[in-house]
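Please take me through this model in the viewer, one selection at a time. I would like to know what to pick next and what is there.

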Amino acid sequence: MTTTSAVRTDQDIQRDVLAELDWDAQTRPTEIGVTVADGVVSLTGQVDSYARRWAAERCAHRVRGVRAVASDLEVRLPATEERTDADIAIAASRALEWDSFVPAERLDVTVADGWVMLRGEVEYGFQRRTAERELRRLRGVRGVTNLVEVRPPTPPSDEQNRRDLQRVLFRRTGTERIEVRVSGDTVVLDGVVRSWWQREEAERAAWATPGVREVHDRIVVAG
């Protein structure tokens with residue numbers, strides 16, 4: 001018997017994105033406008049922190065059928081959240097130093113008008129992402145530009161990385177329906193899984209692969 005997945009309309013996706021925003025405690029759906037065209041979600045409006053903007057973008061990405069998210073959300077800080085660039089720079093440096101997974105001594109932070117620029121080198125992609133996550137949560141931050149380079153001491157071959165990651169994915173998710181392609185510092189994930197958890201676990205594993213700077217997650221969730 002052949003099972004065909006129902007095609008999701010833009011209206012279906014818009015409804016679910018709005019519901020996801022309403023469900024997530026980190027977002028305020030009344031501040032955010034959602035439109036969908038050919039599976040591409042556009043977010044508009046104003047939010048009071050960069051962390052809230054990021055949370056809204058993640059909500060949209062979680063919805064089944066979304067092909068891409070275009071975020072035009074503007075960060076407008078309330079007066080009580082305003083911080084000087086010097087204050088933000090100090091807080092950013094301390095946040096990086098307190099995270100045991102981030103090599104803070106190899107990173108440089110620059111702040112201009114509330115926008116944080118992060119530079120330096122790390123050995124793993126997850127360290128690069130962790131550093132950015134620490135900064136976007138800080139009060140007063142309007143945005144983060146992550147220019148950190150991923151440079152492992154001895155980069156493995158693309159084929160070795162692909163085989164190792166394929167084994168990790170099967171060990172963690174229990175499925176062989178995820179296809180892995182590795183090209184230099186980029187991993188592409190394709191395939192179909194049965195849960196959002198499996199998709200996120202695959203992405204986490206990809207980011208932990210030595211030398212990976214970019215992960216393109218094209219996995220489809222179909223229950």
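**Strands first, then the helices**

In β3, the residue bridged to T44 is D72. The model is a predicted one, and this pair is a convenient place to start.

Select residues 40-47 and 68-75 around that pair. These are strands β2 and β3, which pair in the parallel sense over 8 bridges. Now add residues 50-62, helix α2: together β2, α2 and β3 form a right-handed β-α-β unit.

Next, show residues 32-37, which are β1. β1 and β2 run antiparallel and are joined by 6 bridges. To check the register, label T35 and its bridge partner in β2, S42.

With the three strands displayed, look at them as one sheet. The sheet is open, its order is β1-β2-β3, and its pairing is mixed. β1 and β3 are at the edges and have a single partner strand each, so one side of each lacks a neighbour in the sheet. On average, neighbouring strands here are turned by 10° against each other, direction ignored.

Which strands does the helix at residues 10-23 touch? Select this helix, α1: it packs on the sheet and touches β1 and β2, and its direction makes about 155° with that of β1. Helix α2 also packs on the sheet, where it touches β1, β2 and β3. The direction of α2 makes about 160° with that of β3.

Keep α1 and α2 on screen and hide the strands. The axes of these two helices are 9 Å apart, and the packing angle is about 135°. α1 and α2 are therefore oblique to each other. The crossing of α1 past α2 is right-handed. For the side chains, show V17, E20 and L21 in α1, which meet A56, C59, A60 and R62 in α2. By class, this contact has 5 nonpolar, no polar and 2 charged residues.

Move on to residues 115-122 and 143-146. These are strands β5 and β6, paired in the parallel sense over 4 bridges. M117 stands opposite T145 in β6. Add helix α4, residues 125-136, to complete another unit: β5, α4 and β6 make a β-α-β unit that is right-handed.

Leave α4 displayed and bring in helix α3, residues 85-98. The α3 and α4 axes come within 9 Å and cross at roughly 135°. That angle makes α3 oblique to α4. The crossing of this pair, α3 and α4, is right-handed. Which residues make the contact between α3 and α4? Select A92, A95 and L96 of α3 together with A131, E134 and L135 of α4. The contact of α3 with α4 comprises 5 nonpolar, no polar and 1 charged residues.

The last stop is residues 158-173 and 196-207, helices α5 and α6. Their axes come within 10 Å and cross at roughly 145°. The α5 and α6 crossing is right-handed. On the α5 side, show L165, V168, L169, R172 and T173. On the α6 side, show W197, Q198, E201, A202, R204, A205 and A206. Coloured by class, the residues of the α5 contact with α6 divide into 7 nonpolar, 2 polar and 3 charged.

Definitions and conventions:
Residues numbered from 1 in each chain as written. Predicted model: local features only at pLDDT ≥ 70, side-chain atom pairs only at ≥ 80, totals over all residues. Heavy atoms only, no water. Axes fitted to C-alpha atoms, helices over the stretch in contact; angles between N-to-C directions. Left-handed = near helix turned anticlockwise from the far one by under 90°. Contact = heavy atoms within 4.5 Å. Nonpolar A, V, L, I, M, F, W, Y, C, P; charged D, E, K, R; others polar. Pairing = 2+ DSSP bridges. Right-handed = clockwise from strand over helix to strand, strands pointing away. Parallel < 35°, antiparallel > 145°, perpendicular 65-115°, else oblique.
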